[in-house]
Amino acid sequence: MNAPSPTPAESVVPYDTFAQIDVRVGTIVDAKPFPEARKPAFRLWIDFGPQIGIRRSSAQITRHYTCEELVGRQVCAVVNLGTRQIGPFVSEVLTLGMPDEAGEVVLIRPDRTVPDGGRLF
């Protein structure tokens, strides 16, 4: 997996544009292999608390994680991008990660447990 090129520092995004992206924290309540995906991936069910509920996500995170260790882990995700059909699975949120030195995804999560559904600010 190739990491996206960084945006030049000169490229300024207005704060109002950034504020439209709704990044929330949620707890993975289920994770299953996704053999139908073109690239190795898992299907995730993430609980974002009572306001948002459980949403699904397809995530290419098989290099560093197993389904068993993902359950119970908090992650950050964009919850307002709409849905995306990935093979037979509908992904409802974009689970966020950063590339390691080999370009493999490392999940973004809070360094302490926080209430599910909390919004990034």
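Modeller: One definition first: relative accessible area under 20% means buried, over 50% means exposed, and anything in between means partly exposed. Keep in mind that this model is predicted.

Biologist: Why is K32 called partly exposed?

Modeller: K32 has 35% relative accessibility. That value lies between the 20% and 50% cut-offs, so K32 counts as partly exposed.

Biologist: K32 meets D30. What makes that pair a salt bridge?

Modeller: The N to O distance is 3.3 Å. The rule asks for a side-chain nitrogen of Lys or Arg within 4 Å of a carboxyl oxygen of Asp or Glu, so D30 and K32 qualify.

Biologist: Is D30 buried, exposed or partly exposed, and why?

Modeller: D30 comes out at 27% relative accessibility. That is in between the two cut-offs, so D30 is partly exposed.

Biologist: How many salt bridges does the rule give?

Modeller: The count is five. One of them joins R24 to D22, with the closest N and O atoms 2.6 Å apart. That distance is within 4 Å, so the pair passes.

Biologist: Are R24 and D22 buried or exposed?

Modeller: R24 is buried, and D22 is buried too. R24 and D22 also belong to a network of salt bridges that includes R119.

Biologist: How do you know that R56 and E92 form a salt bridge?

Modeller: Their closest N and O atoms are 3.5 Å apart. With the limit at 4 Å, the pair counts. This salt bridge links distant parts of the chain, 36 residues apart. R56 sits in strand β3 (residues 54-59), and E92 in the loop between β6 (89-91) and β7 (94-95).

Biologist: Why are R56 and E92 called partly exposed?

Modeller: R56 has 27% relative accessibility. E92 has 21%. The buried class needs under 20%, so E92 falls into the partly exposed class. R56 does as well, because 27% is in between 20% and 50%.

Biologist: What makes β3 an edge strand?

Modeller: The open sheet has five strands in the order β3-β2-β1-β4-β7, paired antiparallel. β3 pairs on one side only, and so does β7; these are the edge strands.

Biologist: How do you know that β2 and β3 pair?

Modeller: Pairing needs at least two bridges, and β2 (residues 42-47) shares six with β3, so the two strands pair. Their sense is antiparallel. D47 has I54 of β3 as its bridge partner, and L44 has S57. The hairpin has six residues between the strands, and G49 there takes a positive phi near 85°.

Biologist: Why does T27 count as buried?

Modeller: T27 has 17% relative accessibility, which is under 20%, so the label is buried. T27 lies in strand β1 (residues 23-33). Beyond its neighbours within four places in sequence, its contacts include W45, I46, D47 and D116.

Biologist: What is the volume of the largest pocket, and which residues are closest to its centre?

Modeller: The space comes to about 850 Å³. Of the 31 lining residues, S58, Q60, R84, I86 and L94 are the closest to the centre.

Biologist: Which strands each supply at least two residues of that lining?

Modeller: They are β3, β5 (84-86), β7, β8 (97-99) and β9 (105-107).

Biologist: How does the lining divide by residue class?

Modeller: It has 16 nonpolar, 10 polar and five charged residues.

Key:
Residues numbered from 1 in each chain as written. Predicted model: local features only at pLDDT ≥ 70, side-chain atom pairs only at ≥ 80, totals over all residues. Heavy atoms only, no water. Buried < 20%, exposed > 50% of the residue type's maximum accessible area, 1.4 Å probe, protein only. Helix = DSSP H or I, 4+ residues; strand = E, 2+ residues; numbered from the N terminus. Contact = heavy atoms within 4.5 Å. 1 Å grid on protein atoms, 1.4 Å probe; cavity = no way out; pocket = protein on both sides within 12 Å on 5 of 7 lines; lining within 4 Å. Points joined across faces, edges and corners; volume = space filled by probe spheres on them. Nonpolar A, V, L, I, M, F, W, Y, C, P; charged D, E, K, R; others polar.
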